[in-house]
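Notebook open. I want to look up two things here: the surroundings of the ligand, and one strand with its neighbours.

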Amino acid sequence: MNKQFKTVRKRGIEWTDFTWNPVAGCKHSCRWTMPDGSIAECYAETVAERVAQAAYPHGFEHHYWRPEILDEPLKIKAQSKIFLDSMSDLMGHWVPAEEIERVFDICRQAHWHSFQLLTKNAPRLLEFDIPENVWVGVSAPPSFMFGKPLSADQQKRMVKRQLEVLRNIRVPIRWMSIEPLSFNIAPLLVDSPLEWAVIGAATNGPKTYQPERDWVLNALKVLKAQGTKIFFKGNLDWPLDKWLEDFPDKPIQIPAVSVV
Ligand code: SF4
């Protein structure tokens, strides 16, 4: 498990304490078209194939199951936020249900932590009984998946379906990563079930591309009107992050009755 140390926090994942990847590798092959026409690849893929090759000997688009690290969260005694699929998509269609159940079983046992899950395959969430200490999240659609472009209409339908799925899941925190905010997503978020949202700019390596101001303001208007709390990524270069950041700094308190 990797602790997000302070020196890494600003460049890495700012909203979590640890990453834990008993399932790793991903076949979604997400890509984003940048405003200058360049194509950004998945950050996890870049890390796996350029920095951590030893841990990904068959490349990133391969399924890795690491039962030897399953009990890592149980060893962390302090309440923490743990991102459980920073190097994969736990709900990916290729991940065996039995592995997902084993991951969720550890989440139940480690009831003092909050586990953060993020997926681009939201419909599969409905196949599982998700522990209450898992924050169930969906990611805004990229420009390409599985090597094919997603049209604006496909992106809209994907968001609509994601939110429909979240409406049918009963956990304390349902959330959405809108990073990058690459289109005017606000109209799709009206009456959403989101408790939290993360909003960020587009990045391709060291380059950052800011979203259009109206897209951000429209999203803010809709999300705040429905009580969705917002975390602004550090890659947004506006002062908004100073006065609107509202992400929880404490894990969820789980009622004793739900602890396994
Ligand atoms: S689903 Fe996540 S981990 Fe998988 S390719 Fe897309 S961004 Fe990367």
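I call a residue buried when its relative accessible area is under 20%, counted with protein chains only. I also keep in mind that this is a predicted model.

Entry 1, the strand. I looked up E13, residues 196-199. Which residues cover its two faces? I found Trp 196 and Val 198 on one side. Ala 197 and Ile 199 sit on the other. All four are buried, so both faces of E13 count as covered.

Entry 2, the partners. I then asked which way E12 and E13 run. They run parallel, and 4 bridges join them. E12 spans residues 174-178. I noted one pair by name: Ile 178 has Ile 199 of E13 as its bridge partner. Next I checked E16, residues 229-232. E13 pairs with E16 in the parallel sense, over 4 bridges. Here Trp 196 has Lys 229 in E16 as its bridge partner.

Entry 3, the ligand. Which residues are around it? I listed Cys 26, His 28, Ser 29, Cys 30, Trp 32, Cys 42, Ser 88, Asp 89 and Lys 120. By class, I have 4 nonpolar, 3 polar and 2 charged residues in this shell.

Entry 4, the cysteines. I looked up accessibility for two of the shell's cysteines. Cys 26 comes out at a relative accessible area of 10%, so I log Cys 26 as buried. Cys 42 has 17%, which is under the 20% cut-off, so Cys 42 is buried too. How many disulfides does the whole structure hold? My search found 0.

Methods. Residues numbered from 1 in each chain as written. Predicted model: local features only at pLDDT ≥ 70, side-chain atom pairs only at ≥ 80, totals over all residues. Heavy atoms only, no water. Near = heavy atom within 4 Å. Nonpolar A, V, L, I, M, F, W, Y, C, P; charged D, E, K, R; others polar. Disulfide = S-S within 2.5 Å. Buried < 20%, exposed > 50% of the residue type's maximum accessible area, 1.4 Å probe, protein only. Pairing = 2+ DSSP bridges.
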